[in-house]
Protein chains: 2
Amino acid sequence: MKQREISAAVIRRLPRYYRYLGELLQNDVVRISSKELSNRMRVTASQIRQDLNNFGGFGQQGYGYNVEYLHSEIGKILGLDVQHNMIIIGAGNLGQALANYNFEKVGFNLIGIFDTNPRLKGVSVRGIEIYMMDMLDEFVATHQVDVVTLTVPKRQAVEIGHHLEEIGIRAIWNFAPTDLNVSEDVCVKNVHLNESLMTLSYEYRAMHTQDEESGRD
Amino acid sequence: MKQREISAAVIRRLPRYYRYLGELLQNDVVRISSKELSNRMRVTASQIRQDLNNFGGFGQQGYGYNVEYLHSEIGKILGLDVQHNMIIIGAGNLGQALANYNFEKVGFNLIGIFDTNPRLKGVSVRGIEIYMMDMLDEFVATHQVDVVTLTVPKRQAVEIGHHLEEIGIRAIWNFAPTDLNVSEDVCVKNVHLNESLMTLSYEYRAMHTQDEESGRD
DNA sequence: TAGATTGTTAATCGATTAACAATC
DNA sequence: TAGATTGTTAATCGATTAACAATC
C-alpha cells in the first residue's frame, strides 16, 4: 500500500484545502465541486482534482465532493488524527507566545517547556511548567516526545539541534534563523520570520517600482 | 530599466543566500565560487548562478564572487537598504513577541502597536506604545506607515485587512490563520503557523510509514 | 436518461540542471 | 599563458493546466 512520493508543492496546499473545507463545514455546506472550490480559493479546479487524486478518489462524478468526508480525509492525510507530544525549547517571548497557542486542535499537545534562564524555573505557561535545560535528557527519556519546537537564539540552535538528534528526537519545528545541521532522518520545518519579512520587503519595492514605471509612460 | 518578472521561487531563495553570505562575511571570507557555496547550502551551483543572473552579473570568471559585494547587492535587491515604518495590530502574545524582535536590521522600524484591550492602553513594549484601535486611522494619517503586522484573531483579520486597504496601507504581514480578501494592489505575506505545523505532521508520519515498510521487507 | 462533474491522460508551461563558450 | 569559474544557452525534468472519456 505504499503511496508514491508526493511533491512538497502538493503537501503545502493541503492545509489550505483543509481550512477552506473546515469553513464550509461550519457553514453547513454539504457538497462542493472542484469548480466552486476553485472559485473560492483562486486556484484551478484542475489543480484541486490532481492534488486530491494523489491520495485517492474522494469525489463522485456528477456530484462533487462531500465536504465533511473530504475534510476528514485530508485531516487524516496530514496526520491530524494522530496525537503528538511536543515540547518547546526556548521560553523567550516567542516560545511563550507559541506555548499559548492552541495547537491541540491539530494534534499537538504541549507537555513541557525548557529554558536556561533560572528566573523562569518552575514558572508555568498555560499550566505547562518551564524546566531547566539540564532536565531535558531525563525528560525525553521518561516521556514520549515527538516534536520539539525550537525558539532559542541562533548560536544555540545548531548545537541543540544536534543534541536533539542524539537523544532520539525525529521532528523539529525550528524558529531559529539558521539551518539545523541534522541528518536526513530528522524532519525539520523551518519558520524563518526575518526571511518572510525580507520577501515582503522585496515585493513591496517591486510593486512601487512598477507604479513609478507605469506612471512614467 | 525594467527588469523581467522574477519568479517567486527565486525570491524565496534570496534571503537564504543573504544569510549564508552574511555568515561568510563575519568569518572574513573574501571570495566564494558558486561551487563552494553550493556545497555549503546544498543547492546546485547552476541554480545559484541562474538565480543571481536574474539580477545581473555579480561574479567574475575564474574568480567567483566577492562575498561583501554580493551580500550587499542581494540586500539591495531585497530592499533591505530602504527603511520601512511598521505597526503591529494585535498586542496579544504573538504581537508582543514580534514587537520584541529586532527587525530593524532588515529595515523595519516599529513605530506603534494597536489593540482593543483597554488594559493594554498606554503600556509600552520595548519603548513602543500600545494604542487603542480607535486611534488607528488618525495615526496612519499622521505617520508614514509602510507595513502592518497583523496578529489578531481570525474573525477580526479579514475586516481589519479590508479597512487597512481603505486607509491606504499597501503591505501586510499576516499571522491570522485566514486569507485576507484585499485587492492585488496590497502585498500580503502570510505566516500561517498552524499550516506549517500540519506539513510537519505530514512529513513526520510519512517518515514513520516508510520505516515500517522498509522494516517489513 | 440527460446533465454534471469527477478521475485521468495529454499538452503546456516553467523551473532546474547540465553543458560549454566566454573571459578573467 | 593555463586554469578556473562565470554567464548563458540548451536539455531535462517536474508541475500545472487543459481536455475528455468514464460514470454517478
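Which side-chain atom pairing links B:Gln50 to a base oxygen of DNA strand C, and how many Å apart are the two atoms? An N or O atom in the side chain of B:Gln50 sits 2.5 Å from that base oxygen. Here a polar contact is a pair of N or O atoms within 3.5 Å; within protein, one must be able to donate a hydrogen and the other to accept it, and residues adjacent in sequence count only if both atoms are side-chain atoms.

Before we go on, a word on the ground rules. The model is predicted, so local features need pLDDT of at least 70 and side-chain atom pairs count only at pLDDT 80 or more, while totals for chains, interfaces and linings use all residues. Residues are numbered from 1 along each chain as its sequence is written, chains are lettered from A and ligands numbered from 1 in the order in which they are written, and side-chain values use heavy atoms, leaving out hydrogens and water.

Let's stay with DNA strand C. Its surroundings comprise 26 residues, and the closest are A:Ser34, A:Arg49, A:Gln50, B:Ser46 and B:Gln50; a residue is near a strand if one of its heavy atoms lies within 4 Å of it. Sugar and phosphate make up 56% of the atoms of DNA strand C that come within 4 Å of the protein. Two phosphate contacts are worth finding on your screen. A polar backbone atom of A:Gly59 is 2.8 Å from a phosphate oxygen of DNA strand C, and a polar side-chain atom of B:Arg13 lies 3.0 Å from a phosphate oxygen of this strand.

Which elements give two or more residues to this surface? They are α3 (45–53), β2 (59–60) and β3 (64–66) of chain A, together with α1 (8–26) and α3 (45–53) of chain B. Helices (H or I, at least four residues) and strands (E, at least two) are DSSP runs, numbered from the N terminus. With four residues, α3(B) supplies the largest share. By class, the surface near DNA strand C has four nonpolar, 18 polar and four charged residues; Ala, Val, Leu, Ile, Met, Phe, Trp, Tyr, Cys and Pro count as nonpolar, Asp, Glu, Lys and Arg as charged, and the others, Gly among them, as polar.

Now turn to DNA strand D. Of the 26 residues around it, A:Ser46, A:Gln50, B:Ser34, B:Arg49 and B:Gln50 come nearest. The side chain of A:Gln50 has an N or O atom 2.5 Å from a base oxygen of DNA strand D. A backbone N or O atom of B:Gly62 is 3.0 Å from a sugar or linking oxygen of DNA strand D. For DNA strand D, α3(A) gives the largest share of the surface, four residues.

How do the two chains relate? Chain A superposes on chain B by a rotation of 180 degrees with 0.0 Å of shift along its axis, at an RMSD of 0.0 Å; the fit is by least squares on the C-alpha atoms of residues with pLDDT of at least 70 in both copies. That is the relation of a two-fold axis.

Finally, look inside chain B. The helices α1(B) and α3(B) pack at about 105 degrees, their axes 11 Å apart; axes are lines fitted to C-alpha atoms, for helices over the stretch in contact, and angles run from 0 to 180 degrees between N-to-C directions. The pair is therefore roughly perpendicular, a label for angles of 65 to 115 degrees, with under 35 roughly parallel, over 145 roughly antiparallel and the rest oblique. B:Val10, B:Arg13 and B:Tyr17 of α1(B) make the contact with B:Gln47, B:Ile48 and B:Asp51 of α3(B), where contact means heavy atoms within 4.5 Å. B:Arg13 thus appears both here and at a phosphate oxygen of DNA strand C.
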